[in-house]
Amino acid sequence: MVFPLEAVTTIGGLILPPVFDIIKKAFIKKGDGTAEATLNCLAETKPDALPGYVEANAKLMQARTEWFNRDVIGQASRWVVDLRAAIRPVTVCMSMCFLGMDAGKALAMDPSTRAALLFMVASWFGGRLK
């Protein structure tokens, strides 16, 4: 028997990621101020300014990357990178395993725990509906 809390979290997990993307695309318009549009315009109008723009854009990207990785000193070790990449797939797979064991009566779960596991799995599937 599916409880209302479980149904709401599952439907919310499926619907929220695509709805968030639709709202984001509706209210945050992409302008013509992209780097590609600027490169195109410079190539057509001022080709001599193009190398300076490319160099400045590369420095900006490097500065953004350094700011994003400000908590990482040096190069992150490979196992840390792999662990960061594996967190969501492992939680989704383990959630599916626990839900399967609960459905097979091998494990008795509280409805709120089942709802949280359903939300994790549904939000992963909802993220694929984009």
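The following exercises, each with a worked solution, concern the helix packing, cysteines and selected residues of a predicted model.

**Exercise 1. Packing of H4 and H5**

Determine how helix H4 and helix H5 are oriented to each other, and which residues make their contact.

Solution.

Step 1. Two packed helices are described by the angle between their axes and the distance between the axes.

Step 2. For H4, which covers residues 78-103, and H5, which covers residues 111-127, the angle is about 130 degrees and the axes are 9 Å apart.

Step 3. H4 is therefore oblique to H5, since the angle falls outside the ranges for roughly parallel, roughly antiparallel and roughly perpendicular.

Step 4. The handedness of the H4 and H5 crossing is left-handed.

Step 5. On the H4 side, the contact involves Arg88, Thr91, Val92, Ser95, Met96, Phe98, Leu99 and Asp102. Their partners in H5 are Arg114, Leu117, Leu118, Met120, Val121, Ser123, Trp124 and Phe125.

Step 6. Sorted by class, the residues of this contact between H4 and H5 comprise 10 nonpolar, three polar and three charged.

**Exercise 2. Packing of H2 and H3**

Classify the arrangement of helix H2 and helix H3 from the angle between them, and describe their contact.

Solution.

Step 1. H2 (residues 35-45) packs against H3 (residues 50-68) at about 165 degrees, and their axes lie 10 Å apart.

Step 2. Angles over 145 degrees count as roughly antiparallel, so H2 is roughly antiparallel to H3.

Step 3. The crossing of H2 past H3 is left-handed.

Step 4. H2 contributes Ala35, Thr38, Leu39, Leu42 and Ala43 to the contact, while H3 contributes Leu50, Tyr53, Val54 and Asn57.

Step 5. The class division for H2 with H3 is seven nonpolar, two polar and no charged residues.

**Exercise 3. Packing of H1 and H5**

Establish whether H1 and H5 are parallel or antiparallel, and give the composition of their contact.

Solution.

Step 1. The axes of H1 (residues 4-27) and H5 come within 7 Å and cross at roughly 20 degrees.

Step 2. With angles under 35 degrees counted as roughly parallel, H1 and H5 are therefore roughly parallel to each other.

Step 3. H1 crosses H5 in a right-handed sense.

Step 4. From H1, the contact draws on Leu5, Glu6, Thr9, Thr10, Gly12, Gly13, Leu14, Pro17 and Pro18. From H5, the residues include Pro111, Ser112, Arg114, Ala115, Leu118 and Phe119, as well as Ala122, Ser123, Phe125, Gly126 and Gly127.

Step 5. By class, the contact of H1 with H5 has 10 nonpolar, eight polar and two charged residues.

**Exercise 4. The surroundings of Ser123**

Decide whether Ser123 is buried or exposed, and identify its contacts beyond its sequence neighbours.

Solution.

Step 1. Ser123 belongs to helix H5.

Step 2. Its relative accessible area is 16%. The limit for a buried residue is under 20%, so Ser123 is buried.

Step 3. With neighbours within four places in sequence set aside, Ser123 contacts Gly13, Pro17 and Arg88.

Step 4. Gly13 and Pro17 appear on the H1 side of the contact with H5, whereas Arg88 appears on the H4 side of the contact with H5.

**Exercise 5. Cysteines**

Count the disulfides, and explain why Cys93 does not form one with Cys97.

Solution.

Step 1. A disulfide is a covalent bond between the sulfur atoms of two cysteines.

Step 2. The cut-off for such a pair is 2.5 Å between sulfur atoms.

Step 3. The cysteine sulfur closest to that of Cys93 is in Cys97, at 6.8 Å, which is too far for a bond. Taken from Cys97, the closest cysteine sulfur is in Cys93.

Step 4. The structure accordingly holds zero disulfides.

Step 5. As to accessibility, Cys93 is partly exposed at 45%, and Cys97 is partly exposed at 43%.

**Exercise 6. Backbone of Lys105**

State the sign of phi at Lys105, and locate the residue.

Solution.

Step 1. Most residues other than glycine have a negative phi.

Step 2. Lys105 is not a glycine, yet its phi is positive, at about 65 degrees.

Step 3. Lys105 lies in the loop between H4 and H5.

Step 4. Lys105 is exposed, with a relative accessible area of 73%.

**Exercise 7. Separation in sequence and in space**

Give the C-alpha separation of Thr113 and Pro4, and that of Lys24 and Lys46.

Solution.

Step 1. Thr113, in helix H5, is 109 residues from Pro4 in sequence, and their C-alpha atoms are 13 Å apart.

Step 2. Lys24, in helix H1, is 22 residues from Lys46 along the chain, and their C-alpha atoms are 34 Å apart.

Step 3. Thr113 is partly exposed at 38% relative accessibility, and Lys24 is partly exposed at 40%.

Terms used: Residues numbered from 1 in each chain as written. Predicted model: local features only at pLDDT ≥ 70, side-chain atom pairs only at ≥ 80, totals over all residues. Heavy atoms only, no water. Axes fitted to C-alpha atoms, helices over the stretch in contact; angles between N-to-C directions. Helix = DSSP H or I, 4+ residues; strand = E, 2+ residues; numbered from the N terminus. Parallel < 35°, antiparallel > 145°, perpendicular 65-115°, else oblique. Left-handed = near helix turned anticlockwise from the far one by under 90°. Contact = heavy atoms within 4.5 Å. Nonpolar A, V, L, I, M, F, W, Y, C, P; charged D, E, K, R; others polar. Buried < 20%, exposed > 50% of the residue type's maximum accessible area, 1.4 Å probe, protein only.
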